[in-house]
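Got the viewer open and a selection box ready? Load the model below, and we'll walk through it stop by stop.

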Amino acid sequence: MSDDDRAGLDRRSFLGLTGVSAAALVLGTGTSASAAPGGEGRVPGDPFGLGVASGDPEPDGVVLWTRLAPEPLAGDGHGGMPLRPVTVEYEVAEDERFRRVVRRGRALASAELAHSVHPEVRGLRPGREYFYRFRAGGYLSPAGRTRTAPAPHQRGGTLSLALASCQAWYHGHFTAYRHLAADDPDLVFFLGDYIYEYAINAGNLWRQGVSVGPVHDAETQTLEQYRLRYALFKSDPHLRAAHARAPWIVTWDDHEVQNNYADAHSQYGISPEDFERRRAVAYRAYYENLPLRRTSLPSGPDMRLYRRTPWGTLADFHVLDTRQYRDNVPSDTTAGGEHTDPRRSILGEAQEGWLLDGLRRSRATWNVLAQQVVMAQIDRDTGPGRTFSMDQWDGFTASRDRVLGAVQREGVDNLVVFTGDIHRHVAAELKADFADPSSRTIGTELVTGSIGSDGDGAPTDGYAGLWLSNPHVRFYDGRRGYVHCRLDATRLTSEFKVVDYIERDDAAAVSTVARFVTEAGNPGLREA
Ligand SMILES: [Fe+2]
């Protein structure tokens with residue numbers, strides 16, 4: 001039972017409802033909210049400093065999220081919460097003033113999950129906007145806005161969505177989120193590097209106007225350190241505002257655990273056994289801090305993050321996890337070497353089968369892969385040699401061939417890939433044969449630059465020539481920002497947005513530096 005089906009109760013009844021969250025049932029805390037004594041509502045202060053969020057919309061519901069933390073930056077990572085469970089109530093309304101409340105329920109926030117709650121609301125109407133808020137200990141949260149997906153056979157309509165990734169809080173202000181929220185997207189895709197694990201100190205703290213204590217000057221390794229890191233990054237008001245404005249569909253990349261890891265393999269000499277322990281706490285902190293459904297509740301070092309979100313007949317969004325199951329970095333990284341081994345996989349067998357099956361079955365106009373690392377082949381040698389990144393799909397050419405092969409074989413007309421990772425805006429065409437510029441274009445890749453990582457940046461930087469020397473790369477910009485897309489049955493319009501600076505303050509204006517149209521039935525990029 002994930003929510004309380006008592007539409008129409010007035011606000012005075014807010015405290016008198018029954019129901020217990022899925023999280024409490026799954027965790028078996030032994031205390032159901034409905035049986036909890038009133039004292040469970042007490043919190044030491046306003047617990048909503050980390051904000052509210054929603055995610056993974058379906059036609060009849062969404063998952064809501066908050067994490068109680070009266071002192072988000074308390075050095076022990078507990079957010080200023082006592083270790084006992086606390087009851088959190090939530091309500092969902094059709095209007096911003098909560099006059100037409102349609103769902104109410106309770107969830108139990110337990111210390112085991114850092115006092116986060118992830119109630120899954122059901123019984124909502126498809127394709128509708130809703131508002132939600134929480135209450136705990138007599139405190140009312142800020143309100144969030146969310147949206148349900150269209151009904152499965154719903155045709156037509158326009159979807160406005162934004163892409164974001166890579167938010168190194170210490171490199172600058174999240175100004176891009178201020179503008180992203182103002183665009184009012186229906187949906188936000190987050191494509192990895194929500195946090196970074198690195199020690200934060202005077203050497204990398206480029207965000208002006210803040211200071212951080214010595215507790216942050218260490219690479220995150222323990223559960224408490226990862227929890228604190230999420231709280232630090234969520235201290236940016238524009239990130240919280242962007243969460244409150246639209247449902248998010250999130251996936252991770254490497255820095256939610258450690259730079260460039262592959263499955264159980266650290267690139268820094270940690271044994272697989274020790275690294276799995278670290279992955280377990282990092283995955284748990286990830287779940288605790290994001291609006292994810294119960295199906296993503298981690299179990300030890302394992303967490304199911306790949307999943308599919310259908311959006312009427314308009315789009316199927318296939319959300320991928322290219323970190324957890326990938327083969328390790330090859331020892332031989334020369335062009336044509338071990339990275340082309342047909343046994344290598346970036347998705348792992350189960351996820352690859354799931355993806356190919358989903359592509360085969362899809363009847364949606366657009367098939368979108370929401371994922372982390374660049375899929376297009378990128379030769380990094382601007383001279384006659386050939387060099388590839390082993391951390392991207394180039395390190396797993398057989399995986400790419402299998403996915404793009406299936407796209408051609410099954411006649412998936414409108415493949416779009418959303419990517420993060422490189423801290424640069426890039427638009428590229430996916431080719432039937434990357435070595436032959438005249439070969440068929442079979443899809444479109446939109447790479448969103450970072451929200452914060454790498455500081456101010458510049459339109460052209462030392463990597464621009466490398467990327468643009470690949471003929472299927474159509475656009476490059478090295479500034480911070482996000483991508484805004486408008487999707488309908490006939491076209492995808494993508495706008496690459498940048499801000500000129502982020503280190504000094506959060507006042508920079510936004511500008512659109514490129515606009516492309518991809519027509520349904522005609523993959524690739526047309527400048528517009
Ligand atoms: Fe990154």
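Start with a helix pair: select residues 175-182, helix 2, and residues 237-245, helix 4, which pack at an angle of about 25 degrees with their axes 8 Å apart. Keep in mind as you look that this is a predicted model. With that angle under the 35 degrees cut-off, helix 2 and helix 4 are therefore roughly parallel to each other. The crossing of the two is left-handed. To see who makes the contact, show side chains for T175, Y177, R178, L180 and A181 on helix 2, then H238, L239, A241, A242 and R245 on helix 4.

Stay on helix 2 and color by accessibility. How many of its 8 residues are buried? The count is 6, so helix 2 is mostly covered. The buried ones to pick out are T175, A176, Y177, H179, L180 and A181. Before leaving, click on D184, which comes after helix 2 and has a positive phi, near 60 degrees.

**Second helix pair**

Next, select helix 3 (residues 223-233) together with helix 5 (residues 272-288). Helix 3 and helix 5 pack at about 35 degrees, and their axes sit 9 Å apart. Is this crossing left-handed or right-handed? For helix 3 and helix 5 it is right-handed. From helix 3, display L223, Y226, R227 and Y230; they meet R278, V281, A282, R284, A285, Y286 and E288 in helix 5.

**The iron site**

Now zoom to the iron ion. Which residues coordinate it? Four of them: C166 through SG, D193 through OD, Y196 through OH and H423 through NE2, at 2.0 to 2.6 Å. If you turn on angle labels, the 4 donor atoms subtend 88 to 172 degrees around the iron ion, which makes the arrangement irregular. Along the chain, the donors follow the spacing C-x26-D-x2-Y-x226-H.

Trace the backbone out from two of these donors. D193 is in the loop between strand 11 (187-191) and helix 3, while H423 is in the loop between strand 16 (415-419) and strand 17 (425-431), so this pair ties together parts that are 230 residues apart in sequence. Are they buried or exposed? D193 is buried, at 1% relative accessible area, and H423 also counts as buried, at 12%.

**Two positive phi angles**

While you're in the loop between strand 16 and strand 17, click on D421. D421 isn't a glycine, yet its phi is positive, near 75 degrees. D421 has a relative accessible area of 13%, so it is buried.

For another case, jump to N260, in the loop between strand 12 (248-251) and helix 5. N260 is a non-glycine residue with a positive phi too, near 55 degrees. At 28% relative accessible area, N260 is partly exposed.

**Two loop residues**

Select A74, which you'll find in the loop between strand 2 (61-67) and strand 3 (86-93). A74 is buried, with 15% relative accessible area. Leaving out residues up to four places away in sequence, what does A74 touch? Its contacts are G79, G80 and L228. For a sense of scale, draw a distance from A74 to H423 of the iron site: the C-alpha atoms are 30 Å apart, across 349 residues of chain.

Then go to R128, in the loop between strand 6 (120-121) and strand 7 (129-136). R128 counts as partly exposed, at 28% relative accessibility. Ignoring neighbours within four places in sequence, R128 contacts E94, T146, R147 and T148. Another distance to draw runs from R128 to T444: 29 Å between C-alpha atoms, with their positions 316 residues apart along the chain.

**Last stop: the end of strand 22**

Finish at E519, in strand 22 (residues 510-519). E519 is partly exposed, with a relative accessible area of 26%. Select L492 as well: it is 27 residues from E519 in sequence, but the C-alpha to C-alpha distance is 6.3 Å. Which residues does E519 touch, not counting those up to four places away in sequence? Light up W366, N414, T490, R491 and R526 to see them.

Notes: Residues are numbered from 1 along each chain as its sequence is written. This is a predicted model: local features need pLDDT of at least 70, side-chain atom pairs count only at pLDDT 80 or more; totals for chains, interfaces and linings use all residues. Side-chain values use heavy atoms; hydrogens and water are left out. Donors are N, O and S atoms within 2.8 Å of the metal (3.2 Å for Na, K and Ca); water is not among the atoms, so sites may look incomplete. Four donors count as tetrahedral if all angles lie between 85 and 135 degrees; four count as square planar and six as octahedral if opposite donors are over 155 degrees apart and all others between 65 and 115; anything else is irregular. Helices (H or I, at least four residues) and strands (E, at least two) are DSSP runs, numbered from the N terminus. Buried means under 20% relative accessible area, exposed over 50%, partly exposed in between (1.4 Å probe, protein chains only). Axes are lines fitted to C-alpha atoms, for helices over the stretch in contact, and angles run from 0 to 180 degrees between N-to-C directions. Angles under 35 degrees count as roughly parallel, over 145 as roughly antiparallel, 65 to 115 as roughly perpendicular and the rest as oblique. A crossing is left-handed if the near helix is turned anticlockwise from the far one by less than a right angle, and right-handed if clockwise. Contact means heavy atoms within 4.5 Å.
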